[in-house]
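This briefing covers selected features of the structure shown below, grouped by topic.

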Amino acid sequence: MVATPGLSIPGADQAAEREHVLISVRNLRKFFPIRGGLFSSHIGDVRAVDGVSFTIHEGETVGLVGESGCGKTTVGRLLLRLIEPTSGHAFYRPTPEVLERIDADYETIGPVPENGGAAKLTPGASKALRDLDAVANQYSLFRKRKKEVKKLRGRLQIVFQDPFSSLEPRLMVRDIIAEPLEIQKVGTRAQRMHRVDQLLEDVGLSPEHAWRFPHEFSGGQRQRIGIARALALRPEFIVLDEPTSALDVSVQAQVLNILRRLQQEQRLAYLFISHHLSVIRAVSDRVVVMYLGRIVERAETDELFSRPLHPYTQALLSAIPIPDPLLHRERIILSGDVPSPADPPPGCHFHTRCPAVMPICSKVSPPAAEVRPGHWVSCHLFPPTPSPGAGGALGTVDAGPDLSPLGAPSSTASPAGPAAP
Amino acid sequence: MSAAQPVAPLAPDVDVSRPMSRPAEAAPTTSPPTDSRPVVLDVRNLVTYFYTYDGVVRALEGVSFKLRRGETLGLVGETGCGKSVTSFSVTRLIPDPPGRVVSGKVLFRGADLLWGLGEEARFIPVKGTNRVKVKRSFRKVKAAQARVGSVRGQGIAMIFQEPTQAMNPIFPIHDQLGEVLLEHRGEEIIDGLVKAKWNAPTVRPAAQALERAMKVNDEAMRAAAKELGDAVGLPSFGTQAFYMARQARSGGQTALVADLTKAASRLRLSSGQIRYLRSERELMRISREMRSVYISGMRRGELERVNRGRLTARRLRTRLRRIPYRLPVIKRRVSRPLREETFWRAVQALEGVQIANPVQVARGFPHELSGGMLQRVMISMALSCDPEILMADEPTTALDVTIQAQILGLMNELRRRIGTAILLITHDLAVIAEVADRVAVMYAGQIVEMAPVQELFTRPMHPYTQGLLASIPRVDQPSKKLESIPGSVPNLIFPPSGCRYHPRCPHAMPVCKEQRPPMTVEGTGHNVACFLYNGPPVVE
């Protein structure tokens, strides 16, 4: 089951992957402090996002899946700087050369221990760190100043989850949609109104709706108003935060079709956040699966759904109800709930519920391994293949303290562990 | 799964205290063409309106369906099509005002739950507006509520949509579960408590056996605790002993007998406590007799005034005698054994829904539990009195897929064990496909299609059903193009004339605007209300 590393030519593959990158997220972390006790001092962290790395290319849809509370929404909000990250970078429009430089830097720095600065850096690593800093100053979204962020918001937009609370009830629809245009001082008033009409038509509403208030619309129509608002500034990237979870299936299909059409017309890139796997399968090009603040698996959509490797992904996929009464499948039913991100289990976060748990799982957090070209898994069943060229930097920086003497499980465990569906 | 599936064995830790009121039987998942299972709920022509300031919302317009024993009927449709209103109308939980069940029949155990509906209110249209003024006779409404109350819980139980909102935030879980248990199984709980014997000769050896089992493992401890419970004559004491043993073991303790003896103080009742329990039992018996009076009244279509009056007087006398127990100082002492007993019964009920640490959950408050956990608590509450019918109103909508799979598995297993009929309300057709036997598709307050589940998914007939099925994104068919139904659910104050679906229907014909299509038979158990088909009409 483990791909033979010789099959893929890592260099060539990576070169293609570095073209047309819109946002490259590296090692993103967001800890929300828990305050309590005397003088409300800092007593702990909710590790909402804990070392997340992935890439979004121009014009593609990346699906972000996971159970509630796994940090999906936080990732979306971080990318737009709606909240500030604890650490990590999101490189915006890096050229292939820059990406190569970043990869090289991360590789020399090597895996960073979870608590950051305590690691001893070799001279080479500290040089790489300085270089990374320089690149980040130029490209990272998180180093932009306030003014630049404001400008960027025209390029990066978001559609919120709940269409009932994300629209200002006291504004008319035309004012809601024109607001981003006003903030960015685009066009004259007449031009803006013209653009509003055009946008309403784009999302399948009619210009007469501009004169109404949000409460006069149904959920699906409101969500379309939210989409129109996000489109107003002709962005190139939209975070769709569960855009259809509050809608009925028939209306959901309408909204998904609109999103798909707009993507084709305007070459938009989407980060589609959802817990609904069938929707993710229908819309995304690539899928990232999160569990408790970490990425457990990422791959092309078809690859992930036909060959899920991580036990969590397998359980998640087998739990999706399929609307076909004739189909009977073996279910992997996970016991228990998602642990609290304030106190995540040590080692692999999933080991408390994992059907294929091994002794190592509760001690070491598994590094990401490229099992097939473009298919990354963080699981001890799939130890990373030590090939010097295949930049492990993409995801492995997250790895915890290096405890290799424990003896990584041999490859005998990997095919047998999680049964292929 | 075949119809001849063996009866699932009764889980040893669930409901052991109570002899099954009905024999457990295997519920076949595929319904045979001629369904011979007895009908437990027969809803006929249910009409429910909401009288608002904007006008009369015609939420239900003639809904009829039958629910058979041990079957799962799925009720699907878009938001606002009247799914939840249907279930609320059956149990008369519609908020009144503004809503009212206007007409119809709900036959349950041979009794019409909506009996006397016509006399409860008069409707006076307000001239020049769409409004209707409703003059209710609140005395009659209250009496009707009391009558229907006699079947809620034990006859028809409900799982509500939002578990976080259905629980009371200021009471711990065991309080809320215990309330249900006391209401429906109180007499039995008190009987068990009074009969329990700590001094029986077999008890001490059993306690020592449990102490020895602590050194082995959980299974041995559970078996030994069960023995102890049997020896005492109170299974819930066995549960208590098990959790005490488990806690003692995790604390590194080896002795247990002394602790057990101390805990058993709740079984040594003082004469005051016995008197309190007797009067409590008397009250429960009166309310049980009241229930049967109500049900027989609804069956015959008249109120049995004599018996009801007699029971009310008896209840008043018992309550007067109980006045001393209402003093907090006394109440705390005399009610302690019963409080502890209900706590451990609640723990048993939570064990039944596979909650890992039921003692901790029972002590907790609703805000401390996750949505999936609370939903399980709700299910255990609904099933704690072995209902004949379970109405699950979107039981998994608020949950993640992995938790959803757990809950659906649980409901299916319980149905197999107890033979409960389930009315599963959801907008998720995939969930329906997984668990339902038959499906009723609703649109704008009417059932438009009803069919066995395989039939409906392979041969959907109504254009609305076809549209719904085409709009689901499917994991197993990624390349499928998503069709959407144009438009949205109509405003039910001004519902479309004729067939309510015609403004959105791709096959709309002139006749659709004028007449409401009758329900016709289009195959075994497959009924459709659409003018595209012209089979024989459904006979009630």
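Which residue is the bridge partner of A:L64 in β7(A)? In this predicted model, A:L64 is bridged to A:I273 of β7(A). The points below turn to the sheet of chain A, then to the contact between the chains, and then to a helix of chain B.

**Sheet of chain A**

- Strands β3 (residues 61-65) and β7 (residues 269-274) of chain A are parallel partners, joined over five bridges.
- An open sheet of eight strands in chain A follows the order β5-β6-β7-β3-β8-β9-β11-β10, with mixed pairing.
- At the edges stand β5 (156-159) and β10 (368-372) of chain A, each of which pairs on one side only.
- On average, neighbouring strands of this sheet are turned by 20° against each other, direction ignored.
- Helix α8 (residues 219-231) of chain A lies across β5 and β6 (237-241) of chain A, and its direction is at about 175° to that of β5(A).

**Contact between chains A and B**

- Chain B contributes 36 residues to the contact, and chain A contributes 35 residues.
- On the side of chain B that touches chain A, two or more residues come from each of α14 (371-383), α15 (401-418), α16 (429-435), α17 (453-458) and α18 (463-470) of chain B.
- The most is given by α15(B), with six residues.
- By residue class, this side of chain B comprises 17 nonpolar, 13 polar and six charged residues.

**Helix α1 of chain B**

- Helix α1 (residues 83-90) of chain B is largely enclosed by the rest of the structure, because eight of its eight residues are buried.
- Among these buried residues are B:K83, B:F88 and B:V90.
- After α1(B) comes B:R92, which has a positive phi, near 55°.

Note on methods: Residues are numbered from 1 along each chain as its sequence is written. Chains are lettered from A and ligands numbered from 1 in the order in which they are written. This is a predicted model: local features need pLDDT of at least 70, side-chain atom pairs count only at pLDDT 80 or more; totals for chains, interfaces and linings use all residues. A residue is buried if 20 or more other C-beta atoms lie within 10 Å of its own, exposed if 12 or fewer, and partly exposed in between; C-beta atoms are placed from the backbone. Helices (H or I, at least four residues) and strands (E, at least two) are DSSP runs, numbered from the N terminus. Two residues are in contact if their C-beta atoms, placed from the backbone, lie within 7 Å. Ala, Val, Leu, Ile, Met, Phe, Trp, Tyr, Cys and Pro count as nonpolar, Asp, Glu, Lys and Arg as charged, and the others, Gly among them, as polar. Two strands pair if DSSP finds at least two bridges between them. Axes are lines fitted to C-alpha atoms, for helices over the stretch in contact, and angles run from 0 to 180 degrees between N-to-C directions.
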